[in-house]
Amino acid sequence: MSADQVIAEYQSNGNAVSPAVATALLAPEVRRAIYKQLVGATLAPYRVLLIELLDEEINLRTALWDHIVQDDMDYYEGIYQCAFLLYRAGDVADSLLLWKAKHINMDVGTLLGAEYFVGAGLDVTMAYLSSSPMPEAAGLADYLQQWFEKPGAIAWQEAWEQERASAIANA
């Protein structure tokens with residue numbers, strides 16, 4: 001199943017991931033093509049698909065870390081592409097999902113920076129985290145506060161967003 005077919009089936013299935021779509025998402029080349037197609041889209045309707053894609057990217061990065069698979073095509077970047085699109089979907093609840101992804105191993109943790117966690121907006125995310133009963137919420141809130149109190153962090157965020165979108169579109 002191609003990226004076009006995955007997206008069409010997802011849409012025709014009421015924005016749900018069918019077994020056929022889930023199987024297609026196992027292929028990193030299909031995931032990469034989906035990211036490229038979705039980068040310019042309004043992403044909230046694709047949030048369920050993006051969460052499923054993130055699970056597959058986590059599986060790949062874990063297998064790479066454990067030396068179970070090799071990656072000759074640089075598919076390891078997919079976790080950052082997917083995380084960026086999930087950021088753009090703008091659902092505050094995804095901040096904790098992305099925080100979990102950041103901690104799967106040192107490689108991912110190093111590059112999945114603070115900018116990925118505030119797709120719903122910094123103030124909204126901080127309010128969500130402060131009211132969350134999840135134990136990791138406080139750690140994420142501290143991390144974001146330290147990052148975004150740095151001078152120029154907001155300007156950096158805007159430049160980062162443009163760079164990430166361009167990098168996915170031109171991949």
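This is a walk through the salt bridges of a predicted model and the helix that hosts several of their residues.

Let's begin with the charged pairs. Side chains of opposite charge can pair when their charged atoms come close. Searching the whole structure turns up four salt bridges. A good place to start is the pair formed by E57 and R31, whose closest N and O atoms sit 2.8 Å apart. E57 belongs to helix α4 (residues 47–65) and R31 to helix α3 (residues 28–38), so this contact ties together parts that are 26 residues apart in sequence. Are these two charged residues buried or exposed? Both E57 and R31 are buried.

Now move to R47, which pairs with D91 in a salt bridge of 3.3 Å, N to O. R47 lies in helix α4, while D91 lies in the loop between α5 (78–89) and α6 (94–102), so parts that are 44 residues apart in sequence are tied together here. R47 is partly exposed, with a relative accessible area of 24%, and D91 is also partly exposed, at 31%. There is a further partner to look for in this spot: R47, D91 and D94 are linked in a network of salt bridges.

Next comes the bridge between E161 and R88, where the closest N and O atoms are 3.3 Å apart. E161 lies in helix α10 (residues 153–169) and R88 in helix α5, so the pair ties together parts that are 73 residues apart in sequence. E161 has 24% relative accessibility and counts as partly exposed; R88, at 33%, counts as partly exposed too.

With the pairs in view, it is worth following helix α4 itself. Its 19 residues reach 26 Å from the first C-alpha to the last, close to the 27 Å expected at 1.5 Å a residue. Many of the side chains to inspect here are leucines: the buried residues of α4 include L49, L50, L53, L54, L60 and L64. I58 and A63 are buried as well, and so are the charged residues E56, E57 and R61. What covers these buried positions? The elements around them include α1 (3–12), α2 (19–24), α3, α5, α6 and α7 (106–111). Helix α3 therefore appears twice in this tour, once among the cover of α4 and once as the home of R31, the partner of E57.

Finally, look just past the end of the helix. Just after α4, H67 takes a positive phi of about 60 degrees.

Definitions and conventions: Residues are numbered from 1 along each chain as its sequence is written. This is a predicted model: local features need pLDDT of at least 70, side-chain atom pairs count only at pLDDT 80 or more; totals for chains, interfaces and linings use all residues. Side-chain values use heavy atoms; hydrogens and water are left out. A salt bridge is a side-chain nitrogen of Lys or Arg within 4 Å of a carboxyl oxygen of Asp or Glu. Helices (H or I, at least four residues) and strands (E, at least two) are DSSP runs, numbered from the N terminus. Buried means under 20% relative accessible area, exposed over 50%, partly exposed in between (1.4 Å probe, protein chains only). The expected span of a helix is 1.5 Å times one less than its number of residues. Contact means heavy atoms within 4.5 Å.
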